[in-house]
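Here's a quick briefing to read alongside the structure. It goes through a pocket and then the sheets, topic by topic.

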Amino acid sequence: MKQVWWLPNIYWEVALKDSPLGSQGLIDEINSIFKDYSLFVILDAELTAFSGINKNEISNLELKVNGNTLKPLESYSDDIQGMITALRPMFSKMLGEVGENIEFFVFDNSFENAISPLKESQFSLNFNDSNFEYNLPLSSLVSEKICPVDNKRHNGSWKYCPFHGETLIQDN
């Protein structure tokens, strides 16, 4: 089982917006901490019939974005480390043994044309002979578009209606 979760800054706004634990101050603080960074949560493990999970070591990890190949940072601020330390037990509690075996990786995201969940681009995360590709913008974060032929709503990251081939119109 291989899983990759990308936690862009906007994730915290969406996740904490309606939470009693979230406040705009907390969201702003998290966004400030991760302003120039990308956080990924990765699991590479084999499920076994009797002993649960055998975790595989993550090797050859690299992020490819807009012509840049990045390695995870080996050190980062105490604030980032504090966030990761706070997230670990939360993932363990939510996901059990799976959550206990995940790993957190931080990448620099301060370069020109850096990853943005709202801009059209793509990137990939590669490790252990696997390739995870992301096509942006994240469709869950953009408003739907409308087909000019039948006025049906479609994925906001699509350019054309899959049924009519017409250019979709941004819904305002």
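The largest pocket in this predicted model has a volume of about 270 Å³. Helices H1, H2 and H3 are the elements that each give two or more residues to its lining. After the pocket come two open sheets, one with the strand order S5-S4-S7-S8 and one with the order S10-S9-S11.

**The largest pocket**

- The lining of the largest pocket splits into 11 nonpolar residues, 1 polar residue and no charged ones.
- If you want to pick out the lining residues, select Tyr 11, Trp 12, Ala 15, Leu 16, Ser 19, Leu 21, Leu 26, Ile 30, Met 83, Ala 86, Leu 87 and Met 90.
- The three helices that give two or more residues to this lining cover residues 9-17 (H1), 24-33 (H2) and 78-95 (H3).

**The four-stranded sheet**

- Four strands make up an open sheet, running S5-S4-S7-S8 with antiparallel pairing.
- S5 and S8 (130-136) are the edge strands, so to speak the outer rails, and each of them pairs on one side only.
- On average, neighbouring strands here are turned by 20 degrees against each other, ignoring direction.
- As a reminder, strands of a sheet pair through backbone hydrogen bonds, in either a parallel or an antiparallel way.

**Around strand S4**

- Which strand pairs with S4 over 4 bridges? That's S7 (residues 121-127), which runs antiparallel to S4 (residues 62-65).
- Two of the facing residues in that pairing are easy to find: Leu 63 has Leu 125 in S7 as its bridge partner, and Val 65 stands opposite Phe 123 in S7.
- S4 also pairs with S5 (residues 68-70), again in the antiparallel sense, over 3 bridges.
- Val 65 turns up here too, standing opposite Asn 68 in S5.
- The hairpin of S4 and S5 has 2 residues between the strands, and Asn 66 in this hairpin takes a positive phi near 50 degrees.

**The three-stranded sheet**

- Three strands form another open sheet, in the order S10-S9-S11, and their pairing is antiparallel.
- S10 (153-154) and S11 (169-170) are at the edges with a single partner strand each, so one side of each has no neighbour in the sheet.
- S9 (residues 145-146) pairs with S10 in the antiparallel sense over 2 bridges.
- For a look at that pairing, go to Ile 146, which stands opposite Arg 153 in S10.

Definitions and conventions
Residues are numbered from 1 along each chain as its sequence is written. This is a predicted model: local features need pLDDT of at least 70, side-chain atom pairs count only at pLDDT 80 or more; totals for chains, interfaces and linings use all residues. Side-chain values use heavy atoms; hydrogens and water are left out. Two strands pair if DSSP finds at least two bridges between them. Axes are lines fitted to C-alpha atoms, for helices over the stretch in contact, and angles run from 0 to 180 degrees between N-to-C directions. On a 1 Å grid over the protein atoms alone, a cavity is a set of points where a 1.4 Å probe fits but cannot get out, and a pocket is an open set with protein on both sides within 12 Å along at least five of seven lines; lining residues have an atom within 4 Å of a point. Grid points are joined across faces, edges and corners, and a volume is the space filled by probe spheres set on the points. Ala, Val, Leu, Ile, Met, Phe, Trp, Tyr, Cys and Pro count as nonpolar, Asp, Glu, Lys and Arg as charged, and the others, Gly among them, as polar.
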